[in-house]
Amino acid sequence: MATPDPAATSCRLEFSVQMTCESCVEAVREALRGLAGVRVLDVRLDSQTVLVEASVAAEQVRERLEASGRRAVLRGMGGPAAGERAGGPGGPGGPVAAAVAALRGPGAVWGLLRFVQVSPQRCLVEGTVDGLQPGPHGLHVHEFGDLSDACDSCGDHFNPDGERHGGPQDEHRHVGDLGNIWADATGRATFRLEDSRLKVWDIIGRSVVVDAGEDDLGRGSHPLSAVTGNSGPRLACGVVARAAGLFENPKRLCTCDGLTLWDERDRERPPGQPAPHL
Ligand code: ZN
């Protein structure tokens with residue numbers, strides 16, 4: 001897996017969870033008890049919010065919350081100390097600290113990536129991509145958030161330093177080089193990695209692309225190795241959009257168009273697709 005030590009990186013996740021009474025609060029706490037890598041910081045009945053510190057994927061926490069019989073929506077993400085430091089990354093008024101990219105392809109590949117700047121030097125990237133052939137697939141941030149010609153208009157790998165292509169651990173690499181993700185036998189790749197070069201605020205409005213083949217990390221003999229890692233055609237892509245940091249998502253349970261947060265959550269599911277990773 002591309003995941004280093006997951007215990008090394010934690011972030012704070014703020015969820016909206018349907019809770020109507022004190023017993024719900026206890027049930028939510030109970031649901032998260034025993035989930036390794038998750039610490040409950042706050043459960044508020046009045047605002048129906050749950051704040052946790054997690055070193056596991058947000059989706060895993062959301063699934064556990066929903067397993068308690070309550071719908072749950074991720075409202076915001078931030079660094080470990082976000083919210084305590086107003087103005088810091090992830091705190092109110094601070095620089096953009098969280099982003100999201102929904103990947104779609106002309107084919108059957110789709111997915112969702114989240115980026116959280118947990119410190120100035122550490123960007124956490126987590127996500128799930130479905131519909132892949134089992135095995136490794138190159139994953140890169142590209143220059144442009146232009147999907148006018150599907151994934152072919154996304155430009156090259158994001159490379160502000162004029163470097164050659166490389167692997168995520170290499171000194172010489174494109175900033176957008178995230179290496180490979182691995183799909184299992186069902187075609188799903190679930191990953192959580194940390195990157196020292198990527199900054200959330202530099203990639204808003206750019207794109208993420210997953211490729212058909214393995215990225216050779218610039219170590220191959222093919223002429224494209226030093227350019228793209230020779231990872232083949234682009235399967236799916238999505239624009240990187242700003243996501244809410246902690247405590248800065250103003251959306252309440254009921255919005256003016258009559259849709260509740262929960263309706264929107266259900267609507268986000270693509271037709272005929274499995275449960276959303278939102
Ligand atoms: Zn590259």
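The paragraphs below go through a predicted model, from its two sheets to its zinc site.

Because the model is predicted, local features need pLDDT of at least 70 and side-chain atom pairs count only at pLDDT 80 or more, whereas totals for chains, interfaces and linings use all residues. Residues are numbered from 1 along each chain as its sequence is written, and side-chain values use heavy atoms, with hydrogens and water left out.

One open sheet has 4 strands in the order S2-S3-S1-S4 with antiparallel pairing, where strands (E, at least two residues) and helices (H or I, at least four) are DSSP runs numbered from the N terminus, and two strands pair if DSSP finds at least two bridges between them. Its edge strands, each pairing on one side only, are S2 (38-44) and S4 (72-78). Neighbouring strands of this sheet are turned by 25° against each other on average, direction ignored; the axes are lines fitted to C-alpha atoms, for helices over the stretch in contact, and angles run from 0 to 180 degrees between N-to-C directions. Strand S2 is joined to S3 (residues 49-54) by 6 bridges, the two running antiparallel, and Asp-42 stands opposite Leu-51 in S3.

Two helices lie across these strands, contact meaning heavy atoms within 4.5 Å. Helix H1 (residues 22-32) lies across S1 (11-17), S2 and S3 and runs at about 170° to S2, while helix H2 (residues 58-67) lies across S1, S2, S3 and S4 and runs at about 30° to S1.

A further open sheet is formed by 8 strands in the order S10-S8-S12-S13-S5-S6-S7-S11, again with antiparallel pairing. Strands S10 (177-183) and S11 (189-195) stand at its edges with a single partner strand each, so one side of each is left without a neighbour in the sheet. Here neighbouring strands are turned by 20° against each other on average, direction ignored. Within this sheet, 9 bridges join S6 (residues 110-119) to S7 (residues 122-130), which run antiparallel, and the bridge partner of Val-116 in S7 is Leu-124.

The zinc ion has as its protein donors His-157 (ND1), His-165 (ND1), His-174 (ND1) and Asp-177 (OD), lying 2.0 to 2.1 Å from it; donors are N, O and S atoms within 2.8 Å of the metal (3.2 Å for Na, K and Ca), and since water is not among the atoms, sites may look incomplete. In sequence these donor residues are spaced H-x7-H-x8-H-x2-D. The arrangement is tetrahedral because the 4 donor atoms subtend angles of 101 to 122° around the zinc ion, four donors counting as tetrahedral if all angles lie between 85 and 135 degrees. Both His-165 and His-174 are buried, that is, under 20% relative accessible area with a 1.4 Å probe and protein chains only.

Key
Four donors count as tetrahedral if all angles lie between 85 and 135 degrees; four count as square planar and six as octahedral if opposite donors are over 155 degrees apart and all others between 65 and 115; anything else is irregular. Buried means under 20% relative accessible area, exposed over 50%, partly exposed in between (1.4 Å probe, protein chains only).
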